[in-house]
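Thanks for coming. I will go through one structure today, starting with the terms and then moving to the charged side chains.

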Amino acid sequence: MTITLYKPPTAEPDTCNVLALHAYADRLARCRQRLEDDVQAAYQRLDWAQHEADARRALTPVQVRALTDAGILAPIGSDPEDHRIIERRRAQLAAVTEVEQLTRDAIERHELAASDHRTPAIKGT
């Protein structure tokens, strides 16, 4: 997955509108939340798989098939996919963390630059 910062046209080629950066930071936060939710869901499915293994032993084959066909019991062997999801999402979360830091740094630079360009208040004599 490649993450690219949106760069609207500006007068200066290496700058980005601070509002666009804030919007991008919000987008990254939503992406982070989705990835974290995926990891949590995969862990939950792994926990359920353990319980379902016990349930399969207590049920008749007809009951197991009926519950599997209805999507209530997960297919046997879905654990490796959940482990892959966890591994992949963790790597993606690490990348999002890096881009979030780059975005925070860019916002900070913009805010510092903006404060440097403000006219100081005139003091009375």
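A residue is called buried when its relative accessible area is under 20%, exposed when it is over 50%, and partly exposed in between, with a 1.4 Å probe and protein chains only. By that rule L35, at 1% relative accessibility, counts as buried.

Now the ground rules. This is a predicted model, so local features need pLDDT of at least 70 and side-chain atom pairs count only at pLDDT 80 or more, while totals for chains, interfaces and linings use all residues. Residues are numbered from 1 along each chain as its sequence is written, and side-chain values use heavy atoms, with hydrogens and water left out.

First, the overall layout. The protein has three helices and zero strands, where helices (H or I, at least four residues) and strands (E, at least two) are DSSP runs numbered from the N terminus. Along the sequence the pattern reads α-α-α. Of its 125 residues, 22% count as buried. The accessible surface is about 9,500 Å², and carbon and sulfur atoms hold 57% of that; the areas come from the Shrake-Rupley method with a 1.4 Å probe, and for residues only the protein chains shown count as cover. As for contacts (heavy atoms within 4.5 Å), take those with a separation of 6 or more: residues 24 or more positions apart account for 66% of them.

Next, the core. Which residues make up the largest nonpolar core? There are seven: Y24, L28, L35, V39, L93, V96 and V99. Two or more residues come from each of α1 and α3, and α1 gives the largest share, four residues. A nonpolar core here is a set of buried Ala, Val, Leu, Ile, Met, Phe, Trp, Tyr and Cys residues joined through side-chain atoms within 4.5 Å. As background, nonpolar side chains tend to be buried together in soluble globular proteins.

Back to L35 as a member of that core. L35 is found in helix α1. With neighbours within four places in sequence set aside, L35 is in contact with R89, Q92, L93 and V96. The C-alpha atoms of L35 and R88 are 9.5 Å apart, with their positions 53 residues apart in sequence. For another long-range pair, take Q44, also in helix α1. Q44 is partly exposed at a relative accessible area of 38%, and its C-alpha atom is 9.5 Å from that of D82, 38 residues away along the chain.

On to the charges. A salt bridge is a side-chain nitrogen of Lys or Arg within 4 Å of a carboxyl oxygen of Asp or Glu. A search of the whole structure finds nine of them. One is between R32 and E100, with the closest N and O atoms 2.9 Å apart. R32 lies in helix α1 and E100 in helix α3 (residues 79-116), so this pair ties together parts that are 68 residues apart in sequence. Both residues, R32 and E100, are buried. A network of salt bridges links R32, E36 and E100.

Two further salt bridges sit within single helices. R34 and D38 meet at 3.8 Å, N to O; they are four residues apart in helix α1, about one helical turn. R34 is partly exposed, with a relative accessible area of 40%, and D38 is partly exposed at 24%. In helix α2 (residues 61-69), D69 and R65 are likewise four residues apart, again about one helical turn. Their N to O distance is 3.4 Å, and D69 and R65 are both exposed.

Last, a pair that misses the cut-off. What is the nearest side chain of opposite charge to R56? It is E52, 4.4 Å away, and R56 is buried yet has no salt bridge. E52 is in the matching position: buried, no salt bridge, with R56 as its nearest opposite charge. For charge, Lys and Arg count as positive and Asp and Glu as negative, while His and the chain ends are not counted.

Both residues belong to α1: R56 lies in that helix, which spans residues 18-58, and E52 lies there too. Not counting residues up to four places away in sequence, R56 touches V64, T68, L73, A74, P75 and I76, and E52 touches I72, L73 and A74. A polar atom of the R56 side chain lies 2.3 Å from the backbone oxygen of A74.

That is what I have; questions are welcome.

Technical notes
A polar contact is a pair of N or O atoms within 3.5 Å; within protein, one must be able to donate a hydrogen and the other to accept it, and residues adjacent in sequence count only if both atoms are side-chain atoms.
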